[in-house]
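Here is a walk through one protein model. Keep the sequence and the structure open side by side as you read.

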Amino acid sequence: MSDQSFWNSTVKFVSSYKAVITLTTIAGASTLAYLYYATNATSKPDSSATGSSKNKKKKSKKQTAPETSNADAPYPVDNEGKPQINEEIIGRLTEDEKNTWAQSLKETGNRAFKSDDYETALEYYNLALLCKKDPAFYSNSSACWACLGDNQKVIEFSTKALELKPDYAKCLMRRAAAYEKIEEYEKALYDLTVLTIYESTIADKSIQSMLERILTKQANYVMEKQLKDFVPQLPSASSIASLLGSFTEDSVSDVFGTEIPEDGSGDKFLYEALQDFKTATADSYEHADVALNQAVSKYADVTVSSDETTKRRAAMAYEYLGQFYFLKNVTAVAQEHLKRAIELSPRPRSHVILALTYIDKDLLNEAEVEFQKAMAINANDPDIYYQRGQLSYLRGDLANASENFETCKRLNPKNVYAYIQLACISYREGKIEEAVERFVQAKRTFPTSPEVPNYYGEILVDKNDTEDAIKQFDIAIKLQRSLSTVSIGALGILNKATILARRNEFPQAIELLEEAIQVDPKSELAAVQLAQIKLQLNQAEEAIVLFEKTAKLARSPEEKQHAISFAEAAKIQARVKKDPALSKRVEEIIAQAQGHQNEATAASA
């Protein structure tokens, strides 16, 4: 059951993803049409004189002469009707004259823009800017550059407009589109976020989609840089313990008897790894990883012609190392080592773990083949039935799962997870009293096991009996603290913290989550839950650190991408927080939303 929680952590992580992205980027407030328009280089200048979009058709031929006639222009023109304006002339004008000239120049630029003559339009907008530093003129120039495909110029002129008018929606959208095109995704995200704040419309799915798309691009960009130096690592100690604990133990005495292997030999390194498994701590698992790699190196010359004892021990080293690579999510290497183990000395466990690697990639037919091969070696191996039961349970085939877990329990009465899974099946079938009785039986059989009260607590949470659930989690936490080995690790603490966080009892939840991180520094769930609470408390800087830690701990590229997405979104929130005008606007939006909610509540009362 513990290993199931580990694999399900990804599902929990992703299920929170969109909600947190929406929270941290204040998504759902936009006029997306403008951004979509700019993204496709079909921007238009900011003036009613440009006409409606339905009248704007792509011209096969430019019509600059008739569209830019300046016969009645208030400013001097040459024989061809082109403006004869410079800074010296403009300097002699009154403010009213400057405004008149600027408006006329802009309107002529607009006509050129409508005729797709963007270069001419730019000339007129630039002259208008000599007369008056108007944000609309900068915006119109940025629209021309967008149509000409010069993203740097789009950014330059949009920025000048935004310096004069920070809430200029068209420029925010246009600049965001340009930033996206030149792969400056973080800046694009910020512009979109600012847009959602100033526009303050709610729940626009299109802008949410755009925010999420650019956020994904930014996360991928950051992840690519991280993966260059990425070294696969083991997950949390409780995850390792739960997977190893779901198999029959290979004790040192079973493998070596009273023999003490020679130092530096493959046997000695395997011997040390088995001792490390028995110690079952975070440090011992890391040491076991090193020892197994050393053992495999020493067993490299072992062949099918070697003596049976050597082959069996070498195969065991390859198998365990394959299992560790599976935990690191390096599936191809895991399968290579497992197949080598099967080649040297096949046993059911090697085939079962190989089946798990196929299940992890959704290759269920290949997995079933491995289960059948394991059965052919020893049909009474309990590991086969437990792992097949797990697969059936996850697929919703509860009858088959129950049959497999019962067989596992009969063949290996020491497997606590078989008892727990049977109780969970009873609960899922609606047999509540039977489920409780099964948990009671498991408690009697395994009185010092933290797993039993922890997963009983999870069932109680599902029943909304949170008070009794907390009692069970407290028992699980106490039992884990009394052990020298890792069992559930920080899972009981995490479960209790989750309940408190849902009740908005944040100080107590934070205290527990910080303890969970101390107990299990590699716990992704502890880090991400604490980060989410920090975000809710508007402590974005602390959340960023925790999300980045989660990204480093992530087992797979997909999980890493999600964690980075959280971190990048939180960075935007932190930046917004530092801007007084934006912070004030956010407070206004929240107050308005709360007001609407209060009105709705009062109306329904």
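Start with two rings. Tyr75 and Trp101 are both buried. This is a predicted model, and the two side chains form one of its aromatic pairs. Their ring centres are 6.2 Å apart. The planes meet at 70 degrees, so the pair is edge-to-face. Now look at where each ring comes from. Tyr75 sits in the loop between helix 4 (64-67) and helix 5 (87-91). Trp101 belongs to helix 6 (residues 95-114). The two positions are 26 residues apart in sequence, so the pair ties together separate parts of the chain.

Move on to Phe256 and Tyr271. Their rings also pair edge-to-face, at 5.4 Å centre to centre and 65 degrees between the planes. Phe256 is in helix 14 (residues 252-256), while Tyr271 is in helix 15 (residues 266-279). The pair links distant parts of the chain, 15 residues apart. Are these two side chains buried or exposed? Phe256 has a relative accessible area of 5%, so it is buried. Tyr271 has 12%, so it is buried as well.

In total, the structure holds 10 aromatic pairs. Rings can also join in a cluster: ring pairs link Phe277, Tyr320 and Phe324. Some rings carry a charge over the face. Lys160 lies over the face of Phe157, at 5.2 Å from the ring centre. Lys165 does likewise with Tyr168, at 6.0 Å from the ring centre.

Turn next to the charged side chains. Side chains of opposite charge can pair when their charged atoms come close. The count here is 37 salt bridges. One of them joins Arg438 to Glu406, with the closest N and O atoms 3.6 Å apart. Arg438 is in helix 24 (residues 432-445) and Glu406 in helix 22 (residues 398-411). This pair, too, links distant parts of the chain, 32 residues apart. Arg438 has 18% relative accessibility, so it counts as buried. Glu406 has 31%, so it counts as partly exposed.

Glu542 and Lys534 form another salt bridge, and their closest N and O atoms are 2.9 Å apart. Glu542 is partly exposed, at 41% relative accessible area. Lys534 counts as buried, at 8%.

A third example lies within one helix. Arg585 and Glu588 meet in a salt bridge, 3.1 Å from N to O. Both residues lie in helix 32 (residues 580-604). They are three residues apart, about one turn of the helix. Arg585 is buried, with a relative accessible area of 14%. Glu588 counts as partly exposed, at 32%. Salt bridges can also share partners. Asp250, Glu319, Arg347 and Arg349 are joined in this way into one network.

Finally, consider confidence. The mean pLDDT of the protein is 86. Of its residues, 87% reach 70 or more. Where is confidence lowest, and where is it highest? The low is helix 3 (residues 32-39), at a mean of 28. The high is helix 18 (residues 331-344), at 98. Two stretches call for attention. Residues 1-44 have a pLDDT below 50, and beyond near neighbours in sequence this stretch has 130 contacts in the model. Residues 47-66 also have a pLDDT below 50, with 28 contacts beyond near neighbours in sequence.

Terms used:
Residues numbered from 1 in each chain as written. Predicted model: local features only at pLDDT ≥ 70, side-chain atom pairs only at ≥ 80, totals over all residues. Heavy atoms only, no water. Phe/Tyr/Trp six-rings, centres within 6.5 Å; stacked < 30°, edge-to-face > 60°. Helix = DSSP H or I, 4+ residues; strand = E, 2+ residues; numbered from the N terminus. Buried < 20%, exposed > 50% of the residue type's maximum accessible area, 1.4 Å probe, protein only. Lys NZ or Arg CZ within 6 Å of the ring centre and 35° of its normal. pLDDT = per-residue confidence, 0-100. Contact = heavy atoms within 4.5 Å. Salt bridge = Lys/Arg side-chain N within 4 Å of Asp/Glu carboxyl O.
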